[in-house]
Amino acid sequence: MDKIFDEFFNLLLFVEGEESKHKNDRGGHTKYGITQYLYNRIQDKQKLPRQSVSELTIEAAKEIYKKEFFAVVTPLQDKERYYNYFDMCVNSGQGNYSKLVAANPPNVYQWRRDFFDRIVENDLTQKCNLKGWYNRLAKIKNYFNKENS
């Protein structure tokens, strides 16, 4: 399972990037995809002083992803679907991951595109994120297409 997690973590870093402070990103300030809010919550739980997510190390990010997200996602034989479920949990939260699992769509990429479209329909301030979300899905799909070739 560690080998799968390592692969997923490396792909996640590729789609997340390093540090972001986009004004219309609901997650706010992030590093390696970890929001300041989540980082604060984890520091509080561990009774550590809060610090900026800018201080987050890649090793600490890896542990957070393993405990807070990877451990939540039910393992699947289909690695591409498994990764998409993990990525949905990371990108959109555990509640939306559960909706994806319950829907069990034949085309997970289309389901996720439709999900992102609905976010924008409900909140036009998020339209600026749509291209990035679509690019994220394209990068994931491309990764698994290369892996299966």
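A crossing of two helices is called right-handed if the near helix is turned clockwise from the far one by less than a right angle, and left-handed if the turn is anticlockwise. The exercises below apply to a predicted model, whose protein chain has a mean pLDDT of 93, with 99% of its residues at 70 or more.

**Exercise 1.** Determine how helices H4 and H7 are oriented relative to each other.

*Solution.* Two packed helices are described by the angle between their axes and the distance between the axes. For H4 (residues 79–92) and H7, the packing angle is about 155 degrees, and the axes lie 11 Å apart. Angles over 145 degrees count as roughly antiparallel, and H4 and H7 are therefore roughly antiparallel to each other. The handedness completes the description, since H4 passes H7 in a right-handed crossing.

**Exercise 2.** Identify which residues of H4 and H7 meet, and state how they divide by character.

*Solution.* On the H4 side, the contact is made by Lys 79, Glu 80, Tyr 83, Asn 84, Asp 87, Val 90 and Asn 91, which meet Trp 133, Arg 136, Leu 137, Ile 140, Lys 141, Phe 144 and Glu 147 in H7. The residues of this contact divide into six nonpolar, two polar and six charged.

**Exercise 3.** Locate Gly 132 and decide whether Gly 132 is buried, partly exposed or exposed.

*Solution.* Gly 132 belongs to helix H7, which spans residues 127–147. The relative accessible area of Gly 132 is 41%; because partly exposed covers the range between 20% and 50%, Gly 132 is partly exposed. The C-alpha atom of Gly 132 is separated by 9.9 Å from that of Glu 16, although the two residues are 116 residues apart along the chain.

Notes. Residues are numbered from 1 along each chain as its sequence is written. This is a predicted model: local features need pLDDT of at least 70, side-chain atom pairs count only at pLDDT 80 or more; totals for chains, interfaces and linings use all residues. Side-chain values use heavy atoms; hydrogens and water are left out. pLDDT is the predictor's confidence in each residue, from 0 to 100. Helices (H or I, at least four residues) and strands (E, at least two) are DSSP runs, numbered from the N terminus. Buried means under 20% relative accessible area, exposed over 50%, partly exposed in between (1.4 Å probe, protein chains only). Axes are lines fitted to C-alpha atoms, for helices over the stretch in contact, and angles run from 0 to 180 degrees between N-to-C directions. Angles under 35 degrees count as roughly parallel, over 145 as roughly antiparallel, 65 to 115 as roughly perpendicular and the rest as oblique. Contact means heavy atoms within 4.5 Å. Ala, Val, Leu, Ile, Met, Phe, Trp, Tyr, Cys and Pro count as nonpolar, Asp, Glu, Lys and Arg as charged, and the others, Gly among them, as polar.
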